[in-house]
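Student: Could we go through this model together? I would like to know how to read it.

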Amino acid sequence: AADGLGSIAIDTTQLNMSVTDPTAWATAMNNLGMVPVGLAGQQLVTGFDPSLSMMTGITPINPMIPGMGLVPPPPPTDVPVVKEIIHCKSCTLFPPNPNLPPPSTRERPPGCKTVFVGGLPENATEEIIQEVFEQCGDITAIRKSKKNFCHIRFAEEFMVDKAIYLSGYRMRLGSSTDKKDSGRLHVDFAQARDDFYEWECKQRMLAREERHRRKMEEDRLRPPSPPAIMHYSEHEAALLAEKLKDDSKFSEAITVLLTWIERGEVNRRSANQFYSMVQSANSHVRRLMNEKAAHEQEMEQAKESFKNALTGILTQFEQIVAVFNASTRQKAWDHFSKAQRKNIDIWRKHSEELRNAHSEQLMGIRREEEMEMSDDDSGDNPSKKLRVDDSALAAQAYALKEENDSLRWQLDAYRNEVELLKQEKGQLFRTEESLTKDQQLQFLQQTMQGMQQQLLSIQEELNNKKSELEQAKEEQTHTQAMLKVLQEQEINVLTVALVNQDREKNSEKRSPGLKSEKEALLIGIISTFLHVHPFGANIEYLWSYMQQLDSRISANEIEMLLMRLPRMFKQEFTGVGATLEKRWKFCAFEGIK
């Protein structure tokens, strides 16, 4: 820290003038060719103590944080920036005119740690540049050019912001007034490959940390793996059969059964055991349907209780609204104060809104119930009857098919047992056990024959149901075709009626009668006049002629009369552009043809 403060200490021997003296300050600014601003006897540098060689009034701070050294931290955006003179050992930095706009900078590159410094004095050395800019932070490299500019790379990114703060300052070496010893600094962001590479490395490191954090979060939130399923054995199969019969362990047992079947554990020896387990699983269907019906019944009871409670609430709302309406009558209303009337009116409106909302909700529930009842009642619509019959027949056919498949599976199982018994019979001698097996075989053959007969009868019933289903479908298609024919006939009848009406209206429109004898006389005179003028005449010419006969007639009346008789008089346009003119012609001879 002592070295850092020593590097920015101020040489008191170079201070040949008082900083607080406005006259000396104006003379120095004139020597540099700058216009002094704001020198009305005000102290520009506050708290300066030459014995301490630094500005007092600044609390000790860490050199590595923003705002370190003589360069002040960036001020808030709503406070105007007031830059002060910065003194170094070998040079002095004078602030720019505060009335000028701030110096422009380019867009900041990502991870920028390098700045471009232009406008350096010609006699400025690398040591002087380092002395000035090391106040902003640790400098890792300085690349100076022969053309009064250099590039400075800092250790951290925030140091660049403090270096940009020096842009616009005028730099003077010592107390010399030579042009080669002064220059206006221009500090801007610079784009360097090393900065961009370090920034990319940092971004990749942050991305790796983010991926690691997400992976740890996913591992923490991942559900535990399901327990391993045991392999098939006769002992495990017996235990699983017992679990399938228990309602509380059914869901776990059915998962194990499904896994065994998907693994391919079913073979000729284990087929009967698996069939018994599948049959046990099928026995739970009725239980599940009963549970569903119980839950539906509970739901209906809850709906009914909700509807009753809503009805009671609505009744109480009606009573409250009735109380408010009775209070607003003149007999009781006159005795309340103005504030009480206002409150009663507000309460009444609020209660009416709530009552209307609850009544609409109750009506919605009743409409839903009516719609459900109308859906259940299918006696009015014959097409719905057909649909219900078709669905019932399809359900019966599906049930028969399932029963047929189950019987076929039982038959295959019995055949497997018969084959196993035959193999055992060929290997063993003719003993008492073989006799019992022959009896079992005969019994199995008899049962198999009975099952075959039952299977044939079921197949006949299935064929009959299929034929009935086809007949129902044919009847449905026939009724749909008849319905389409009737609809087309209705459409044709409606179109014919509409056409007749249009014709009657057109005939009425085409044959307007004359209202008086005067109109007939006018039509005759106009017809004679237009017949004499074969190329037609405009309405003004025609009106001037008719006005000689009747001074009370108007041009609008003549034009309306001509427009009412389109078969006798027609209107044509002659001329082009500004000479365009409307003329009326006599066309009664063409209308007769």
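**A first look at the chain**

Tutor: Certainly. Of the chain's 593 residues, 26% count as buried. Please keep in mind that this is a predicted model.

Student: How many helices and strands does the chain have?

Tutor: There are 17 helices and 12 strands in the chain.

Student: And what does the accessible surface come to?

Tutor: The accessible surface of the chain is about 41500 Å², and 55% of that belongs to carbon and sulfur atoms.

Student: What share of the contacts joins residues at least 24 apart?

Tutor: If one takes the contacts between residues at least 6 apart in sequence, 64% of them join residues at least 24 apart.

Student: Let us turn to the inside. Which residues have the most contacts in the largest nonpolar core?

Tutor: They are Val117, Phe133, Ile152, Phe154 and Met171, in a core of 30 residues. Several elements each supply at least two residues of this core, including E4, E5, helix H3 (126–133), helix H4 (158–164) and strand E10 (186–189). There is also a second, separate core of 16 residues, which includes Phe529, Met546, Leu565 and Trp584.

Student: Which residues does Ile152 touch?

Tutor: Leaving aside residues up to four places away in sequence, Ile152 touches Lys113, Thr114, Val115, Val117, Ile129, Phe133, Ile139, Ala141 and Ile142. Two of these, Val117 and Phe133, are also among the core residues with the most contacts.

Student: Which strands pair with E7?

Tutor: Strand E5 (residues 114–118) pairs with strand E7 (residues 149–154) in the antiparallel sense, over five bridges. Strand E6 (residues 139–144) is also joined to E7 by five bridges, and these two strands run antiparallel as well.

Student: What holds paired strands together in general?

Tutor: Strands of a sheet pair through backbone hydrogen bonds, and the pairing may be parallel or antiparallel.

Student: Back to E7, then. Which residues stand opposite Phe149 and Phe154?

Tutor: Phe149 in E7 has Gly118 opposite it. Phe154, also in E7, is the bridge partner of Ile139.

Student: How many residues lie between E6 and E7 in their hairpin?

Tutor: Four residues lie between the two strands of that hairpin. Asn148, in the loop between E6 and E7, deserves a closer look.

Student: What is unusual about the phi of Asn148?

Tutor: Its phi is positive, about 60°, although Asn148 is not a glycine. Most residues other than glycine have a negative phi.

Student: Why does Asn148 count as partly exposed?

Tutor: Its relative accessible area is 26%. Buried means under 20% and exposed means over 50%, so a value in between counts as partly exposed.

Student: New topic: in what order do the strands of the open sheet come?

Tutor: Four strands form the sheet in the order E3-E4-E8-E9, with antiparallel pairing. Strand E3 (86–87) and strand E9 (182–184) stand at the edges; each has a single partner strand, so one side of each is left without a neighbour in the sheet.

Student: How many bridges join each pair in that sheet?

Tutor: E3 is joined to strand E4 (residues 91–94) by two bridges. E4 and E8 pair over four bridges, and E8 and E9 over three.

Student: Which residues face each other across those pairs?

Tutor: Among them, His87 has Thr92 in E4 as its bridge partner. Leu93 stands opposite Met171 in E8, while Arg172 stands opposite Ser182 in E9.

Student: Which way do the side chains of E8 point, and are they buried or exposed?

Tutor: Arg170 and Arg172 point one way from E8, whereas Met171 and Leu173 point the other way. All four are buried, the two arginines included.

Student: One last area. Which residues form the nonpolar patch on the surface?

Tutor: Ile261, Val266 and Val278 form that patch, with about 220 Å² of accessible area together. Ile261 lies in helix H7 (residues 250–263) and counts as partly exposed, at 39% relative accessibility.

Student: What about Ile254: where is it found, and which residues does it touch?

Tutor: Ile254 is found in helix H7 too, and it is partly exposed at 28% relative accessibility. Not counting residues up to four places away in sequence, it touches Leu244 and Ala281. The C-alpha atoms of Ile254 and Ser280 are separated by 9.9 Å, although these residues are 26 residues apart along the chain.

Note on methods:
Residues are numbered from 1 along each chain as its sequence is written. This is a predicted model: local features need pLDDT of at least 70, side-chain atom pairs count only at pLDDT 80 or more; totals for chains, interfaces and linings use all residues. Side-chain values use heavy atoms; hydrogens and water are left out. Patches are made of residues with over 30% relative accessible area and no salt bridge: like charges are joined within 9 Å, nonpolar side chains (Val, Leu, Ile, Met, Phe, Trp, Tyr) within 5 Å. Accessible areas come from the Shrake-Rupley method with a 1.4 Å probe; for residues, only the protein chains shown count as cover. A salt bridge is a side-chain nitrogen of Lys or Arg within 4 Å of a carboxyl oxygen of Asp or Glu. Buried means under 20% relative accessible area, exposed over 50%, partly exposed in between (1.4 Å probe, protein chains only). Two strands pair if DSSP finds at least two bridges between them. Contact means heavy atoms within 4.5 Å. A nonpolar core is a set of buried Ala, Val, Leu, Ile, Met, Phe, Trp, Tyr and Cys residues joined through side-chain atoms within 4.5 Å.
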